[in-house]
Amino acid sequence: MSLNRSEKEAVISEVTSLAAKAQTLVLAEYRGITVAAMTKLRSDARSAGVTLSVLKNTLARRAVAGSAFEVGSDHMTGPLIYGFSVDAVAAAKVVAEFAKTNDKLVIRAGVYGGKVLDVNGVKQLASIPSKEVLLAQLLGLMQSPISRTARVLAAFAEQRGAGAAEVATEAVPA
């Protein structure tokens with residue numbers, strides 16, 4: 001069904017606002033995917049904070065014009081699903097995980113940081129741990145020297161306390 005001019009403008013403005021907030025765009029061809037599989041993909045995406053949209057390519061090109069995602073316009077051909085995410089790896093992770101179990105979903109390209117990513121680039125982006133995991137790892141690295149120092153000081157204090165107890169027992173006549 002064809003959209004009238006005001007509906008097209010609404011779609012363009014909605015996608016433009018998505019693109020303004022997003023860090024990553026993933027393009028995937030969805031030809032042949034069942035409705036049930038597409039519903040599962042959308043559910044997984046929603047829970048990860050990813051916005052998936054099936055758009056007319058001309059509207060998508062107009063919506064990303066002037067943004068960091070404009071470099072991906074050459075790849076906007078055929079039946080595509082567009083995945084926008086604020087988290088740098090979320091869209092790539094959701095689409096790549098789903099593509100592992102469903103061979104009908106074919107990753108075409110992605111855009112991150114104003115650069116076009118090929119299929120392997122999207123998969124590499126998907127393999128990066130999430131922001132929460134990276135923050136937890138960083139916190140662990142920062143706590144490691146402090147906890148090691150605390151253990152050394154505790155062992156030293158314990159050793160010193162045991163040495164003082166030995167001296168005290170030797171000095172007391174029996």
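## A salt bridge in helix α1

In which helix do glutamate 9 and arginine 5 both lie, and how many residues apart are they? In this predicted model, the two residues belong to helix α1, which covers residues 5–21, and a spacing of four residues sets them about one turn of the helix apart. Their side chains meet in a salt bridge, with an N to O distance of 3.4 Å.

The two partners fall into separate accessibility classes: arginine 5 is exposed, having a relative accessible area of 67%, while glutamate 9, at 44% relative accessibility, counts as partly exposed.

## A salt bridge in helix α2

A pairing within helix α2, which spans residues 35–47, involves lysine 40 and aspartate 44, and these residues are likewise four residues apart, or about one helical turn. The salt bridge between their side chains has an N to O distance of 3.0 Å. Lysine 40 is partly exposed, with a relative accessible area of 48%, and aspartate 44 is also partly exposed, at 29%.

## The network around glutamate 29

Beyond these pairs, salt bridges with shared partners link Glu29, Arg31 and Arg108 into one network. Within this network, the side chains of glutamate 29 and arginine 31 meet at 3.6 Å, taken from N to O.

The accessibility of this pair is split, since a relative accessible area of 17% lies under the 20% cut-off and therefore makes glutamate 29 buried, whereas the value of 53% for arginine 31 lies over 50% and makes that residue exposed. Over the model as a whole, the count of salt bridges comes to five, among them the pairs of glutamate 9 with arginine 5, lysine 40 with aspartate 44, and glutamate 29 with arginine 31.

## Packing of helices α4 and α5

Helix α4, formed by residues 90–101, packs with helix α5, formed by residues 119–127, at an angle of about 105°, and their axes are 8 Å apart. Because angles of 65 to 115 degrees count as roughly perpendicular, α4 and α5 are roughly perpendicular to each other.

On the α4 side, the contact is made by Ala92, Lys93 and Ala96, and these residues meet Val122, Leu125 and Ala126 in α5. Sorted by class, the contact of α4 with α5 has five nonpolar residues, one charged residue and no polar residues. The charged class includes lysine, so the charged residue in this contact is Lys93 of α4.

Notes:
Residues are numbered from 1 along each chain as its sequence is written. This is a predicted model: local features need pLDDT of at least 70, side-chain atom pairs count only at pLDDT 80 or more; totals for chains, interfaces and linings use all residues. Side-chain values use heavy atoms; hydrogens and water are left out. A salt bridge is a side-chain nitrogen of Lys or Arg within 4 Å of a carboxyl oxygen of Asp or Glu. Buried means under 20% relative accessible area, exposed over 50%, partly exposed in between (1.4 Å probe, protein chains only). Axes are lines fitted to C-alpha atoms, for helices over the stretch in contact, and angles run from 0 to 180 degrees between N-to-C directions. Angles under 35 degrees count as roughly parallel, over 145 as roughly antiparallel, 65 to 115 as roughly perpendicular and the rest as oblique. Contact means heavy atoms within 4.5 Å.
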